[in-house]
Amino acid sequence: MEAGLDWAAVLIAALLYLSALFAIAHWADRREAAGRSVIASPTVFALSLGVYCTTWTFYGSVGRAATLGIGFLPVYLGPTLLMLLSPLLLRKILRIAKAQRITSIADFLASRYGHSPVLGGLVALTATVGVTPYIALQLKAVAVSFDALTGGGLEKSAEPFLDQGFLIATVMALFAIVFGTRQIDAAEHHPGMVAAIALESLVKLIAFLAVGVFVVWGLHGGLDSLFAMAATRPDLARLLGSEAALGDATAGGGPWGAWVATTILSAAAMLCLPRQFQVLVIESTDERHLDRAIWLFPLYLLLINLFVLPVTLSGLLTFGGRLDPDLFMVALPLNGGAGWLALLAFLGGLSAAAGMIVVETVALSTMLCNDLVMPILLRTRPRALARSADLAPLLLAVRRIAIVAILLFGYGYFRLAGSAYALVSIGLISFAAVAQFAPALIGGLYWRGATRRGAIGGVAAGALVWAYTLLLPSFARSGWLPASFIADGPWGIAALRPYALFGLEGWDSLAHSLFWSALANIGAYAGLSLFNRQGASERAQAAAFVDVFQSAPDAAPRGDGSPDWRNAASVGDLTRVVARFLGPQRAERAFTGTDPDEPAGPERLRLAERLLAGAIGGASARVALASSVLAGAVEAAELLRMLDETSDVIAHSRELERKTAELERATDALRAANERLTELDRLKDDFLSTVTHELRTPLTSIRALSEILHDDPELAPDQRQEFLAVIIKESERLTRLINQVLDMAKIEAGALDWRIGTIDPGRALTEAVAATEALFRERGIALSVEMPELLPPVQGDVDRVIQVVVNLLSNAAKFTPPGGRTRLVARLEDGGLRVAVIDSGPGVPAKDREFVFDRFRQSGDALTGKPAGTGLGLAIAKRIVEHLGGRIGVEDAPAGPCAESGTGAAFWFTLPLAMSGFADDAGEPPVTDRKID
Amino acid sequence: MSAPEPTPGHEAGSGRYRDRMIGLFLLAAALFNPPLLGLFGVKGTVLGVPALYGWVFGIWAAVIALAAVAGRTR
């Protein structure tokens, strides 16, 4: 092997390259700010997915191919398979992530299962433990390839912090901090970072292809001669067949199991690795980009793997067993006299490492900040946080510290583990760790009944089994635990051997772990979900996730907004909370132009929650809102839901306070109900006396007149005729009254016959007018009808509709002074028919409006005198209209010809049109079947 | 309570595309797995490339091409 390149030159080249990445990222950020995004392109999106290919691909594939032949491929076939499912799976995840402003996979799972901070924290921890060693592997790969390239020119430093690993870790931390934590709203994108990793993906692909072409055609004169040469060596010929990768086809398990297990794990990792979730879901600007990524990304994987086997064979032919196969990518060009190509290969490997480290640390730091640190801070020090006016610097600091801590942890692992087995095998072990999120993730998309406890139980059980069957044995193989742990099991219990749990022998360790962890994970997930009840917020979130395509894109995250939330918070409160986490400008922009004292209302509350969720994750957002806005008046059930997730004593006492408050409120409600009942009782008495009075008046006159007729047969015919007419009129009035009372009783009892069908509203209105015309004429009121020539058919019962209009018209006739006017106006509005009866009477005072449709109620009181009628007409109209699926109400008469005397009242009602009128639509307006009120 | 309605951009044609991709996924999952791969673990080369190696990359490329075509012709 030739002497390596000058280490100083390599170092400068590496630093220049990394500076170029900084420049690209900076440029992309500037372009984004100027509104000309470079990352809003499906190709850039597909390339950024290439962050999947780390140094474990760039250098490690060759190493794996040296023992497994094509056995390195399942790691790339898995993601290919997953991408094929993207129209089904990924599109749904993207849509949900956008609607819910998801910031990480931990946040996704926590949000799905009722904003559970416990689940979010668990996922964040598992991901950190599983993935940080993987970062160490990247540092090691860069360090080792640097040594290979320079021939170990840079003295191996025994001092920590003075080696290439530390240098690269420092530069990467800087990059992640500058481009990954510039702003706090993580739901927004990191255009600079994405542009840089897309470029890195391109560089590593070009580097790999260049080395491949050089090796195959430059060193061996073509593929056929290379393969022919390899076929003559039995140890290499083995790699060309299926045996190395698949084992003996007749034996189950063995390498067969490894192939299948690796395919499944890498498909799961493609989705669940924090960095993959970051680029695939969080950074995605447009879900249509998936349509290109679906084939472009697999193509990328194919190309980067095309020359793995040739490079492996060439390396083995050239170096035999003298060199670690992981280094062939750099060593082969160097040995072939192409120093520049070796440098390019090194830069390719550096790209792979840099991309992985940056995205992974940014994703992990977001997760740790939003799902572990902030929930804890919000619960343990709510007061200290409440004092601070602007929490954005704190959030950024937490994330930056997390980035530095993760990289320090990774670097420490790299120094400690060195070339131990635990580091070398960490790639697939990491995959297996994050694969534990897959059941809860995918199940949560399609299974509405999956519960929070199920998800927590599944992830926890899976992670424990993973740690026992993969992580601990890897420690044992590195010599940190006694070797007997693997061979004989802990304390010599053979059934607990981590590679042969409960006697399941002869399996590949990865397949073995996958089997047991999947069994524990899915078992606990399904079992606990089936035997657990969902809370209200869980149910709402489950529906929001499972039915994401059925609801509007920005549909309410939760349908259970309690009225107390609305009343308790003002716009000023919301602005303050949002400002504390996102900075005053953002808050100003969100709530601009509203009075700070105005009640927040559900819409703005939801907006604030979404803004906060984008910054600190869904679970923290709820707690933050609840603790700062709703200090005094949160609904007990809502708070219980939030608080049952902690065992914290403070929270417990707060819960008691809330319960007390709730009890007081319940007492108040009872008192109010009691008062209402008393009032109703009084009204009933009033009604009875009214009805009695109303019945007696016509009866009295009928009786008096008929007595006169009876006693005085000599009465003049004119007089007689007049008296008889009065008697007939009074009898009619009596009949009408009794009919109304009966109708009301029937409606209340639900015994009325309805003949609902498609009716012509014009005819109904005309008939109603004809029936009441006499009344108006008699009282000297002008009645005018304004309706279009043609009204579309509506859904209703023609007799009842006539009854409603007659009731409204007679009501108007009663209240309009003689000489006044009444208008009947019908028009189409909001896809329904709206009929209004507008009079020029005294109008209905605002305080009476909610009561006028009550039974037994009449507008006016003892002071203004009692108007004629039973007070049943409007109540009957209301019940009929609501039964027919419409609404009814009263408002001030619009200014106009009718407004000359008094304000006037406009009684209106709506009816659904027949064409949109299936039962569904008719049921949509608030049909109330309340018996009282 | 809003009635389920198709989301814009996801109506006609998209369902067929999705079904095709699921079919392609099942096909690829079968082809990429040991029983079928093992059949090509024979000695011998195609155009100088070992049979298994050529086969894996061949079907991989074919699957990618089908995915691209399915997306284009929906």
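These exercises treat a sheet in chain A and the contact between chains A and B in a predicted model.

**Exercise 1.** State which strands of chain A stand at the edges of the open sheet of five strands, and why one side of each lacks a neighbour.

*Solution.*
Step 1. Write down the strand order, which is β2-β4-β5-β7-β6 in chain A, with mixed pairing.
Step 2. Take the ends of that order: β2 (782-786) and β6 (888-892) of chain A are the edge strands. Each has a single partner strand, so one of its sides has no neighbour in the sheet.
Step 3. Add the twist, which averages 20° from one strand to the next.

**Exercise 2.** Describe how β4 and β5 of chain A pair, and find which helices pack on the sheet.

*Solution.*
Step 1. β4 (residues 821-829) and β5 (residues 832-839) of chain A are antiparallel and joined over eight bridges. In one of these, Glu829(A) has Gly832(A) of β5(A) as its partner.
Step 2. Helix α37 (residues 761-779) of chain A touches β2, β4, β5 and β7 (905-912) of chain A, and its direction makes about 175° with that of β4(A).
Step 3. Helix α38 (residues 798-815) of chain A touches β4, β5 and β7 of chain A, at about 20° to the direction of β5(A).

**Exercise 3.** Work out which element of chain A gives the most residues to the side that touches chain B.

*Solution.*
Step 1. Count the contact: 34 residues of chain A meet 36 residues of chain B.
Step 2. List the elements of chain A that give two or more residues: α5 (74-84), α11 (223-231), α13 (243-246), α14 (254-272) and α16 (290-305).
Step 3. From these, α16(A) gives the most, with six residues.
Step 4. Sort this side of chain A by class: 24 residues are nonpolar, five polar and five charged.

Notes: Residues numbered from 1 in each chain as written. Chains lettered and ligands numbered in written order. Predicted model: local features only at pLDDT ≥ 70, side-chain atom pairs only at ≥ 80, totals over all residues. Pairing = 2+ DSSP bridges. Helix = DSSP H or I, 4+ residues; strand = E, 2+ residues; numbered from the N terminus. Axes fitted to C-alpha atoms, helices over the stretch in contact; angles between N-to-C directions. Contact = placed C-beta atoms within 7 Å. Nonpolar A, V, L, I, M, F, W, Y, C, P; charged D, E, K, R; others polar.
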